[in-house]
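Visitor: I have this one open on my screen and would like to talk it through with you. Could we go topic by topic?

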Amino acid sequence: MSTLKAVRGTRDLLPPETELWNFVEETARRVFARYNFGEIRTPIFEDTQLFARGVGEETDIVSKEMYTWEDRARAQSEKAQSLTLRPENTAGVVRAYIEHKLGETGLLQKLYYIGPQFRRERPQKGRYRQFWQIGAEAIGPPSAGSESPLRDAEVLEMLATFLNELGITGWRLEINSVGSATDRPRYVAALREALAPMKHLMCEDNQRRAETNPLRVLDSKDANDQEIIEKLPKIADYLDDASKAHFAAVLAALDACGVKYEVNPRLVRGLDYYTRTTFEFTHGGLGAQNALLGGGRYDGLSEAIGGPKAPGIGFAMGEDRLILTLQSQASWGQQIADEAANTVAKGPHAYIAPMSLEVAPNALELAQKLRGEEFRIEVGEPGLKIRRHFEFAEKLHAKSIVFVGENEVFGKTYSMKPLGSRANIVWNFTDFSKFVSALRGTNRNLVSGP
Ligand code: ATP
Ligand code: MG
């Protein structure tokens with residue numbers, strides 16, 4: 001039988017690397033809480049219709065990247081429901097907002113999520129079929145201030161703070177405005193007109209986009225087509241006064257907070273419910289998949305999936321790409337590697353060596369007590385030869401070895417030998433608290449912990 005492997009595009013995250021993931025997630029939770037965001041967890045699968053309407057039929061995601069299947073019908077008369085593994089999380093959050101009538105609170109809802117997403121894409125560095133996103137949405141009725149440019153700027157400033165606190169240096173923020181639902185048709189018409197005499201010179205993909213969704217021609221990476229794309233009309237010239245004022249207000253607030261950005265007139269999103277602000281944070285260390293995150297304002301999304309008017313702004317970060325970026329940064333590596341080293345990589349505070357099967361319960365009881373004191377404890381196999389216990393303790397990078405034998409049990413003593421020091425002394429204690437202090441002393445230079 002052939003051996004089974006993780007499915008193409010999926011992968012296992014193992015310790016100690018998972019420490020990095022925890023570090024990234026803890027930093028997100030800490031930073032987002034300061035901006036008064038709360039966590040939302042939506043289901044991993046949803047009705048396929050949610051994504052068809054909420055992400056858009058004509059997007060790559062919906063047209064070719066979704067994992068979709070028919071559920072079993074509950075009764076013969078019933079039609080089977082089509083279900084889909086979520087390819088992104090904004091649609092789910094907005095569905096929950098509508099379903100739980102969160103708009104009726106009259107308050108802006110500030111929600112963040114952390115979790116896996118699924119897209120059938122060609123796997124490569126920074127691009128997987130199961131990947132993780134950390135994202136947030138600020139959404140609410142207009143009366144709650146959800147349309148204000150202050151929200152856009154606040155979310156962008158939060159992202160800059162998050163990346164800086166994570167220790168990611170050298171990120172770039174590109175920003176643009178795609179105008180309102182009324183600006184866009186005029187712009188798209190102008191694009192079509194400009195593309196009509198040119199498109200036959202462009203690559204096949206762009207010829208198709210010029211027909212179906214001309215906005216998407218703008219983010220084409222095709223080298224030969226760049227000359228034509230550079231000369232296409234710019235959305236900035238098609239914004240109405242309200243959209244121009246909104247954009248100017250976002251940029252002014254970013255300036256006030258010292259958040260650096262570049263306006264990229266080609267940064268667009270092809271979907272109708274995207275309005276005004278769009279942005280992307282990139283990082284040079286990522287190679288071809290250089291987008292750390294993308295986001296924007298989606299004033300029409302709630303209505304597109306049958307909800308009330310609920311303007312919002314949000315973003316989704318690729319957590320896999322945050323990790324890749326951190327790993328590519330030497331200065332960061334040392335700091336977190338040290339922290340991770342103190343937990344998984346450098347092993348437990350103590351390895352308990354039960355000297356026989358009879359004392360195994362006593363060994364477990366001692367382990368329980370020490371874990372209660374916040375020590376990280378590994379218990380060895382009862383009855384191994386002392387030499388074997390030492391071998392295991394060393395392999396695990398344990399910082400000390402604690403013996404539990406009949407002497408210890410009957411004499412009610414604790415025997416401990418620090419590892420990694422040359423001194424060949426076994427310490428004996430009759431007092432538990434002194435024993436605990438000694439274990440802490442053993443780890444004095446290695447942990448700030450217990
Ligand atoms: P890309 O241009 O990289 O395909 P996208 O426009 O599809 O990105 P969004 O749908 O806006 O991306 O998702 C936001 C972020 O999620 C991206 O900026 C990226 O960091 C991350 N992301 C998207 N798809 C993947 C994937 N298949 N694997 C890993 N991360 C991904
Ligand atoms: Mg994509």
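**Cavity, salt bridges, ligand and backbone**

Guide: Let us begin with the empty space inside: the structure holds 1 cavity of 30 Å³ or more. Please keep in mind throughout that this is a predicted model.

Visitor: What volume does the largest cavity have?

Guide: The volume of the largest cavity is about 30 Å³.

Visitor: And which residues line the largest cavity?

Guide: Its lining is made up of Tyr 187, Leu 218, Ile 229, Leu 232, Pro 233, Lys 234, Pro 265 and Arg 266. Divided by character, the residues of this lining are 6 nonpolar, no polar and 2 charged.

Visitor: Switching to charges, how many salt bridges does the structure hold?

Guide: There are 24 salt bridges in the structure. One of them is formed by Arg 151 and Glu 154, whose closest N and O atoms are 3.3 Å apart.

Visitor: How are Arg 151 and Glu 154 placed in helix H5?

Guide: They are separated by about one helical turn, because they sit 3 residues apart in helix H5, which covers residues 149-166. An α-helix has 3.6 residues a turn, so residues three or four places apart point the same way.

Visitor: Is Arg 151 buried or exposed?

Guide: Arg 151 counts as buried, because its relative accessibility is 19% and the cut-off for buried is under 20%. Its partner Glu 154, at 27% relative accessibility, counts as partly exposed.

Visitor: Which salt bridge links distant parts of the chain?

Guide: A salt bridge between Glu 262 and Arg 172 is one to look at, with the closest N and O atoms 2.9 Å apart. This pair links distant parts of the chain, as Glu 262 belongs to strand S8 (residues 262-263) and Arg 172 to strand S7 (residues 171-177), 90 residues apart. Glu 262 counts as partly exposed at 37% relative accessibility, and Arg 172 also counts as partly exposed, at 38%.

Visitor: What about Glu 373, which residue does it form a salt bridge with?

Guide: Glu 373 forms a salt bridge with Arg 440, and the closest N and O atoms of the two are 3.6 Å apart. Glu 373 lies in the loop between helix H13 (360-372) and strand S13 (377-379), while Arg 440 lies in helix H16 (residues 432-442), so the pair ties together parts that are 67 residues apart in sequence. Glu 373 has 30% relative accessibility and counts as partly exposed, and Arg 440, with 29%, counts as partly exposed as well.

Visitor: Which residues are linked in a network of salt bridges?

Guide: Arg 29, Glu 39 and Arg 41 are linked in such a network.

Visitor: On to the ligand, then: which residues come nearest to ligand 1?

Guide: Ligand 1 has 15 residues around it, and of these Arg 119, Glu 121, Arg 127, Tyr 128 and Ala 291 come nearest. For Tyr 128, a backbone N or O atom lies 2.9 Å from a nitrogen atom of the ligand.

Visitor: What lies 3.0 Å or 3.1 Å from an oxygen atom of ligand 1?

Guide: An N or O atom in the side chain of Gln 133 is 3.0 Å from an oxygen atom of ligand 1, and a polar side-chain atom of Arg 321 lies 3.1 Å from an oxygen atom of the ligand.

Visitor: How much of the helix that holds Arg 321 is buried?

Guide: Arg 321 is one of the buried residues of H11, and the others listed with it are Glu 319, Asp 320, Leu 322, Ile 323, Thr 325 and Leu 326. Helix H11, residues 319-328, is mostly covered, with 7 of its 10 residues buried.

Visitor: Last topic, the backbone: where is there a cis peptide bond?

Guide: A cis peptide bond joins Pro 15 and Pro 16, with omega about 5 degrees, and Pro 16 is found in the segment before helix H1 (17-34).

Visitor: And which residue other than glycine has a positive phi?

Guide: Lys 412 has a positive phi, near 50 degrees, and lies in the loop between helix H15 (406-411) and strand S15 (414-418). Lys 412 counts as exposed, because its relative accessibility is 64%. Lys 101 likewise has a positive phi, of about 50 degrees, although it is not a glycine, and Lys 101 is found in the loop between helix H4 (90-99) and strand S5 (109-118).

How values were computed: Residues numbered from 1 in each chain as written. Chains lettered and ligands numbered in written order. Predicted model: local features only at pLDDT ≥ 70, side-chain atom pairs only at ≥ 80, totals over all residues. Heavy atoms only, no water. 1 Å grid on protein atoms, 1.4 Å probe; cavity = no way out; pocket = protein on both sides within 12 Å on 5 of 7 lines; lining within 4 Å. Points joined across faces, edges and corners; volume = space filled by probe spheres on them. Nonpolar A, V, L, I, M, F, W, Y, C, P; charged D, E, K, R; others polar. Salt bridge = Lys/Arg side-chain N within 4 Å of Asp/Glu carboxyl O. Helix = DSSP H or I, 4+ residues; strand = E, 2+ residues; numbered from the N terminus. Buried < 20%, exposed > 50% of the residue type's maximum accessible area, 1.4 Å probe, protein only. Near = heavy atom within 4 Å. Polar contact = N/O pair within 3.5 Å; in protein donor to acceptor, adjacent residues only side chain to side chain.
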